[in-house]
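This report describes a protein model through its surface, its interior and its overall make-up. The sequence and structure are shown first.

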Amino acid sequence: MPHACAAFACTNRCTLQNRSRGITFHRFPKEIHLRKQWEAALGRKGFSANDTSRLCSDHFRKEDFDMTGQTVRLRDGAFPSVFRFPTHRQRPVATRTTRTSMRAQESLSADCRLPVQETEALPDPSVDHSYALSTSLENLRARLNETLSRMESMEREKRNAKDRERRAKNIVRGLLQDLRAKNLINEELKERLDSYSDMDTSVRKPHRILVTGGSGLVGRAIDKVVQDGEGREDEEWIFLSSKDADLTKAEATRAVFEKYQPTHVIHLAAMVGGLFRNMKYNLDFWRKNMLINDNVLQCSYKLGVQKVVSCLSTCIFPDKTEYPIDESMIHNGPPHSSNFGYSHAKRMIDVQNRAYFQQHGCKFTSVIPTNVFGPHDNFNIDDGHVLPGLIHKTYLAKKQGTPLIVWGSGKPLRQFIYSLDLARLFIWVLREYPEIDPIILSVGEEDEVSIREAAESIVEAMGFEGQVIFDVTKSDGQFKKTASNKKLCKYRPAFEFTSFQQAVKETCRWFEDNYSTARK
């Protein structure tokens with residue numbers, strides 16, 4: 001139901017018809033004193049405004065409004081003063097009743113009858129002054145366009161100046177870190193730095209690693225690995241979640257980067273989901289991930305981040321291709337139609353990395369993990385990935401004494417990587433991997449398992465003894481996407497992966513122990 005004006009006997013309602021007539025509706029002010037004045041002006045005994053109370057624009061003077069923007073607003077301190085009260089509700093006008101006041105009234109009346117001295121007409125400002133508005137519509141339009149162009153130029157210069165200032169501060173911070181490392185900053189120098197600039201001369205670790213998507217599966221794994229001993233004394237790790245900033249918005253992304261001033265970034269944040277959610281919302285996956293990726297990489301460049309490692313996915317590879325796939329085959333053809341939105345958005349990170357390196361020399365790279373699973377995964381049956389979804393299904397089937405229904409035939413093949421193994425490899429890439437080209441992080445081809453084998457491992461790990469049914473009416477998705485880890489083996493030939501069965505056991509145990517709080 002549309003809001004009605006709170007004024008006495010006013011019949012205006014907040015409808016499209018009234019808005020088309022130019023009538024606007026305004027909330028009562030939050031400031032208590034001014035709110036009480038508005039309430040008293042209405043002349044309604046016992047009336048108290050609430051959050052839904054409105055006054056229409058008919059009860060304000062024209063000068064009470066600010067019409068310079070796209071929306072009509074009341075000026076600060078505006079007060080409703082235009083009302084049409086009936087005679088019995090109007091306030092009486094004070095009259096002069098004493099003998100002295102009556103004589104003053106007569107004197108005032110006599111003064112008003114004195115002749116008025118005429119003054120000369122003021123000159124036309126549009127003729128005598130260059131700052132006056134022209135009466136020509138074309139001239140006004142030209143002046144407006146000129147002003148807007150000048151404003152855009154000034155805003156652009158302001159942004160560029162701020163960017164130069166940030167880059168200069170980053171350079172100075174780096175120099176200060178070097179001076180501290182060599183114990184060359186004494187108290188006298190520190191005082192001089194503090195007095196001549198707003199630079200933060202407090203001790204900060206030289207490497208500040210910002211992890212976007214830090215509350216997700218891989219972010220939690222990196223956090224655990226760092227806490228368990230992989231972190232270094234000269235590193236400060238900052239894990240962001242979606243609550244800290246909306247990375248689809250450029251301003252929010254820039255604000256969080258300016259707050260933490262990272263020297264390195266691990267970019268994990270993304271809109272993700274399982275097969276059936278991807279098939280339903282391909283456009284959403286494309287748009288949101290493109291916004292997130294562009295904002296993160298642009299802010300990293302603008303604020304002088306030394307290295308960025310972004311996370312891709314094997315789904316970016318062409319649907320029709322030779323196996324095993326490797327890093328050189330990413331752009332050889334369209335991805336599978338089931339998740340083309342997400343796949344193309346992730347592919348563009350590789351394109352952006354190469355462009356930032358070519359144009360600005362930025363050290364931005366990416367990794368391509370195969371199917372990741374582990375503690376803190378998304379165990380939602382409808383929107384999660386295959387392995388955590390199966391773990392949740394098995395848990396419920398065991399608890400309810402029902403058959404376990406596995407979507408699809410169980411024949412598709414996948415390479416699964418444990419999240420803690422991936423976390424250790426991410427940290428290695430951040431510190432040591434020298435290339436801009438992406439690198440596949442995966443177990444070997446010989447460790448590829450079918451969905452049926454994965455389901456059997458989960459059944460065994462959780463002690464499920466019921467019937468297992470494969471629902472062939474559900475889509476299998478892409479049959480296989482076997483990836484080659486030859487490049488990884490060249491750089492890390494001695495790296496040891498956790499066995500699939502052991503990783504499944506640890507993940508199932510974590511899910512059972514944390515069922516009430518796990519994402520599902």
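## The N-terminal segment

Ala4 has a relative accessible area of 35%, and it is classed as partly exposed because that value falls between the 20% limit for buried residues and the 50% limit for exposed ones. The model is a predicted one, and this residue belongs to the segment before helix 1 (16–20).

Apart from neighbours within four places in sequence, Ala4 makes contact with Asn12, Arg13 and Arg54. Its C-alpha atom is 8.9 Å from that of Phe25, a residue 21 positions away along the chain.

## Overall composition

The protein contains 16 helices and 16 strands. Of its 520 residues, 41% are buried. The exposed area comes to about 31000 Å², of which carbon and sulfur atoms supply 51%.

How do the contacts divide by sequence separation? Taking those between residues at least 6 apart in sequence, 76% join residues at least 24 apart.

## The largest nonpolar core

The largest nonpolar core has 57 residues, and the members that touch the most others are Ile222, Trp237, Ile266 and Phe426. Helix 13 (residues 419–432) gives the most to this core, contributing nine residues.

Which residues does Phe426 contact beyond its neighbours within four places in sequence? They are Val218, Ile222, Ile266, Leu268, Val309, Cys311 and Val367. Two of these partners, Ile222 and Ile266, are also named among the core members that touch the most others.

## The annotated coiled-coil span and its surface

An unreviewed UniProt entry lists residues 137–171 as a "coiled-coil region". In the predicted model, this span is 100% helix and 0% strand, and the C-alpha atoms at its two ends lie 51 Å apart. Helix 5 comprises residues 137–181.

Met151 is found in helix 5. Together with Leu144 and Leu148, Met151 makes a nonpolar surface patch of about 290 Å². Is Met151 buried, partly exposed or exposed? Its relative accessibility is 49%, and Met151 therefore counts as partly exposed, since the exposed class begins only over 50%. The value also satisfies the patch criterion, which asks for over 30% relative accessible area.

Conventions. Residues numbered from 1 in each chain as written. Predicted model: local features only at pLDDT ≥ 70, side-chain atom pairs only at ≥ 80, totals over all residues. Heavy atoms only, no water. Helix = DSSP H or I, 4+ residues; strand = E, 2+ residues; numbered from the N terminus. Buried < 20%, exposed > 50% of the residue type's maximum accessible area, 1.4 Å probe, protein only. Contact = heavy atoms within 4.5 Å. Areas by Shrake-Rupley, 256 points an atom, 1.4 Å probe, with all protein chains shown as cover. Core = buried A, V, L, I, M, F, W, Y, C linked by side-chain atoms within 4.5 Å. UniProt positions renumbered as here; feature names shortened; annotations may be inferred. Patch = residues over 30% accessible without salt bridge, like charges linked within 9 Å, V, L, I, M, F, W, Y side chains within 5 Å. Salt bridge = Lys/Arg side-chain N within 4 Å of Asp/Glu carboxyl O.
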